[in-house]
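Here are my notes on this one, written as a tour you can follow with the viewer open. Take the points one at a time and find each spot before moving on.

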Amino acid sequence: MPAVAGVSFDLAPGACLVVAGPSGSGKSTLARAIAGLVPWAAPGRLGGDLRLDGRPVGSTEPAALVARIGVVFQDPSSQLVMERAEDDVAFGLEGRGWLSPAMRARVPAALAEAGLAGFERRRTARLSGGEQQRLALAGAFAPQPGLLVLDEPTANLDPPGALAFAERLAAVRETRATTIVLVEHRADLAWPLADLVLALSADGTPLALGTPAELLARHRPALVAAGIWLPDEPPPPAAAIVRPAPRTQPLPAPPAPPLAEVRDVDFAFERGIPVLAGLDLAIEPGDRLVLLGPNGSGKSTAARLLVGLLRPNRGTVRVAGRDPARIAPRELARLAGYVTQDPERSFLAGTVEADLLLGLTPDERARAGDVATALGLALDRFGARNPFTLSGGEQRRLSLASQLVRRPGLLVLDEPTFGQDRRGYEDLLSLVRARVEAGTAVVAATHDLRFAADLGGRVVRLAAGRIAEDAP
Amino acid sequence: MIAIPTRADRVATSPLGRANPLATLAVALAWLLALSTTTDLRPPLLVTAVAVAAALALGRVPPADLARGLAPLWLAALSVGFFNALLSPANADPTATVVLAFGPIHLTEPALAAGVALGLRVVAIVAVGVAWGRVTDPTHLTDALVQQGRLPERFAYGALAALQAIPWLAEDLVALREARRMRGLRASWHPRVLVGLLVLAIRRGDRLAVAMDARGFAAPGRTRYREVRWAMLDTLVVMAGLAVLAGIVALR
């Protein structure tokens with residue numbers, strides 16, 4: 001079964017194509033093919049006629065194909081090649097035959113353009129997710145390619161970073177010197193840049209192709225039905241984040257110690273480089289707490305501390321009155337759930353079903369199928385799939401399902417909405433809301449202001465490892 | 001933003017850090033070769049002292065870093081020396097002086113001397129290796145191997161990229177064990193963790209290869225961001241290294 005089928009379009013030099021589609025519709029596969037990487041570098045078979053710069057891909061020397069193309073893939077960490085940031089940016093210039101003096105001038109400029117001025121000597125492995133994404137972008141932009149292929153380039157960026165990136169892309173488009181193919185769920189950022197939008201349906205066939213205005217005028221119902229985000233529903237600004245709606249059910253009175261508590265916590269991975277300092281949080285059953293903050297501000301670290309995966313250097317963390325790092329796994333997994341930012345690293349079995357059922361009690365097994373279905377991963381369709389072959393959005397929902405199924409009293413989510421199409425987002429939101437109704441406390445570390453607003457609740461803003469704002 | 005000089009930067013700007021890694025490699029190999037031809041006690045001791053002193057003074061390696069690298073050395077040297085002394089055929093020689101007798105175990109003087117000499121050689125070999133490793137930046141070494149050593153780029157930079165992936169492997173392991181814990185399973189060395197680690201490593205390797213090709217790695221006419229040349233300093237390093245070696249050998 002082809003991942004993508006029957007796609008046709010012509011893209012004029014300097015034009016911008018936005019590819020939209022539900023999760024698992026083959027957007028990333030298409031992006032690799034457009035970047036001229038199939039089949040010689042990336043696996044797959046290519047049928048039909050694909051021409052880049054007028055040259056048919058099948059009969060052109062690969063080196064000549066990629067010479068004028070810059071690509072940024074979904075996972076930034078696995079496309080950084082060299083040990084230090086400047087060498088990594090230079091890597092693509094070397095391959096395209098730039099001379100040394102030109103490289104010396106271009107590398108710092110490309111880093112600065114991506115918001116990484118002064119990062120030349122930094123080790124790529126030590127950068128935060130957002131910084132790695134910026135570095136991957138700097139590497140793709142540096143050779144000033146004729147065609148840029150970008151697969152979810154803003155997924156790991158904080159809101160100001162995503163906005164700055166969209167502005168930069170708009171400036172690139174303005175010059176009409178670089179053709180852009182952009183796969184992006186953030187329709188509010190991507191569609192205004194588009195000359196053409198290609199919408200894919202779930203089976204990888206084209207749903208619609210046209211200018212953004214044409215698509216919105218003629219195909220809106222079909223796009224909405226396919227779960228594709230549209231640009232005229234921008235995420236609400238931070239100011240619009242609403243207070244929690246009144247509860248429909250009374251909750252049990254909070255027990256004497258809070259459900260979870262962080263007291264005056266300091267944490268550092270390396271001595272002298274603090275990640276968090278003086279963190280204080282108290283979480284009661286049914287609370288909704290959104291952790292916001294720029295890339296590298298310590299959100300993920302706070303999430304891991306809260307469930308005892310890390311232990312503080314100073315201060316205390318308590319879940320149900322106990323140190324979560326010392327609670328036996330079997331018990332902890334029923335007290336607290338944690339969905340990691342990187343779902344691929346949380347898969348522990350060869351099929352979706354086996355992964356979901358791993359370590360469950362018979363009661364939990366009985367409801368696993370329903371949880372999967374509620375998150376759009378019905379086991380009769382997805383159960384036998386290998387988790388690694390799922391799309392990014394599906395992987396994230398699977399890792400959420402395997403935590404939700406235990407119904408923990410505290411649910412900690414790290415960027416749960418990355419790469420979700422509209423339907424996946426709505427499924428996820430309604431399931432999380434249902435758990436909140438039932439008394440689960442939810443803590444979400446996120447850059448997604450729409451999710452922050454939809455979830456409601458308290459907003460804690462982190463900046464450089466400290467609480468900058470704690471708004472009820 | 002102000003770039004904070006890191007530990008690695010201090011080493012990289014030191015005389016040995018700036019030297020062509022092939023020059024320091026040549027010296028290190030010459031020393032190791034010379035060590036294998038001697039059974040004396042003094043040369044390995046002197047080589048160890050010179051290697052450690054050079055790493056500290058000329059390579060500006062922080063003493064704590066060097067100490068950490070050398071830590072496993074003592075155990076290795078002691079056990080190699082001890083077992084070689086114990087199992088030496090010289091112990092069966094009835095004319096040799098017995099240093100230690102414990103039941104059927106005899107330890108004679110020549111056997112003990114041979115054991116000590118062997119142990120010291122292990123010390124020296126490891127010290128030279130660790131000192132060279134600490135003053136050598138992997139990227140610099142790869143550049144030198146490609147530019148002066150004429151190693152194929154695809155192999156050299158592929159190996160370098162694989163080396164970069166080792167810290168990721170450690171992070172994958174942490175993440176997989178955390179994932180097990182959050183599923184209510186013991187975060188031990190379950191075989192499934194190792195399978196998962198392998199799967200992640202293969203996937204990362206695949207993606208890295210595609211990313212490298214997408215950035216023109218396969219293209220002919222590749223240029224160089226870092227030109228590595230053979231400079232006066234490098235000749236000096238080799239000459240000094242060989243002179244020190246000659247001195248040590250002569251002293252015996």
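1. Let's start with a single pair in chain A: A:Ala199 has A:Ala208, in strand S8(A), as its bridge partner. Zoom out a little and you'll see where that pair belongs: strand S7 (residues 196-200) and strand S8 (residues 206-210) of chain A run antiparallel and are joined by four bridges. Keep in mind that this is a predicted model.

2. Now look at the turn of that hairpin. Five residues sit between S7(A) and S8(A), and in this hairpin A:Gly204 has a positive phi, near 85°.

3. Next, helix H5 of chain A, which covers residues 129-141. Is it buried or exposed? All 13 of its 13 residues are buried, so H5(A) is largely enclosed by the rest of the structure. Its length checks out too: at 1.5 Å a residue, the 13 residues should span 18 Å, and the end C-alpha atoms are indeed 18 Å apart.

4. Try the same check on helix H16 of chain A, residues 422-437. Its 16 residues should span 22 Å at 1.5 Å a residue, and the distance between its end C-alpha atoms, 22 Å, agrees. The buried residues in H16(A) include A:Tyr425, A:Leu428, A:Val432 and A:Val436. A helix has 3.6 residues a turn, so residues three or four places apart point the same way. What do the buried residues of H16(A) pack against? In chain A, they meet strand S11 (288-292), helix H13 (362-374), helix H15 (392-404), strand S15 (441-445) and helix H17 (449-455). After H16(A) comes A:Gly439, with a positive phi near 105°.

5. Some backbone oddities are worth a look. Most residues other than glycine have a negative phi, and most peptide bonds are trans. In chain A, the peptide bond from A:Val38 to A:Pro39 is cis, with omega near 0°. You'll find A:Pro39 in the loop between helix H1 (27-34) and strand S2 (51-52) of chain A.

6. A:Asp53 is another one to find: it isn't a glycine, yet its phi is positive, near 55°. It sits in the loop between S2 and strand S3 (55-56) of chain A. Why does A:Asp53 count as partly exposed? Because it has 15 C-beta neighbours inside 10 Å, and a residue needs 20 or more to be buried.

7. Chain B has a similar case to look up. B:Arg60 is not a glycine, but its phi is positive, about 50°. Look for B:Arg60 in the loop between helix H4 (42-57) and helix H5 (63-86) of chain B. With 19 other C-beta atoms within 10 Å, B:Arg60 is partly exposed.

8. Finally, step back and view chain B as a whole. It has 10 helices and two strands, in the order α-α-α-α-α-β-β-α-α-α-α-α along the sequence. Its radius of gyration is 24 Å, whereas a compact globule of 252 residues would have one near 18 Å. The C-alpha atoms fill a box of roughly 70 × 60 × 35 Å along the principal axes. Chain B is divided into domain 1 (7-143 + 231-251) and domain 2 (151-214), and the centres of these two domains of chain B, taken over C-alpha atoms, are 33 Å apart. Of the 252 residues in chain B, 35% are buried.

Methods
Residues are numbered from 1 along each chain as its sequence is written. Chains are lettered from A and ligands numbered from 1 in the order in which they are written. This is a predicted model: local features need pLDDT of at least 70, side-chain atom pairs count only at pLDDT 80 or more; totals for chains, interfaces and linings use all residues. Two strands pair if DSSP finds at least two bridges between them. The expected span of a helix is 1.5 Å times one less than its number of residues. A residue is buried if 20 or more other C-beta atoms lie within 10 Å of its own, exposed if 12 or fewer, and partly exposed in between; C-beta atoms are placed from the backbone. Domain bounds come from an automatic or database domain assignment. The radius of gyration is taken over C-alpha atoms; the globule rule is 2.2 Å times the number of residues to the power 0.38. Two residues are in contact if their C-beta atoms, placed from the backbone, lie within 7 Å.
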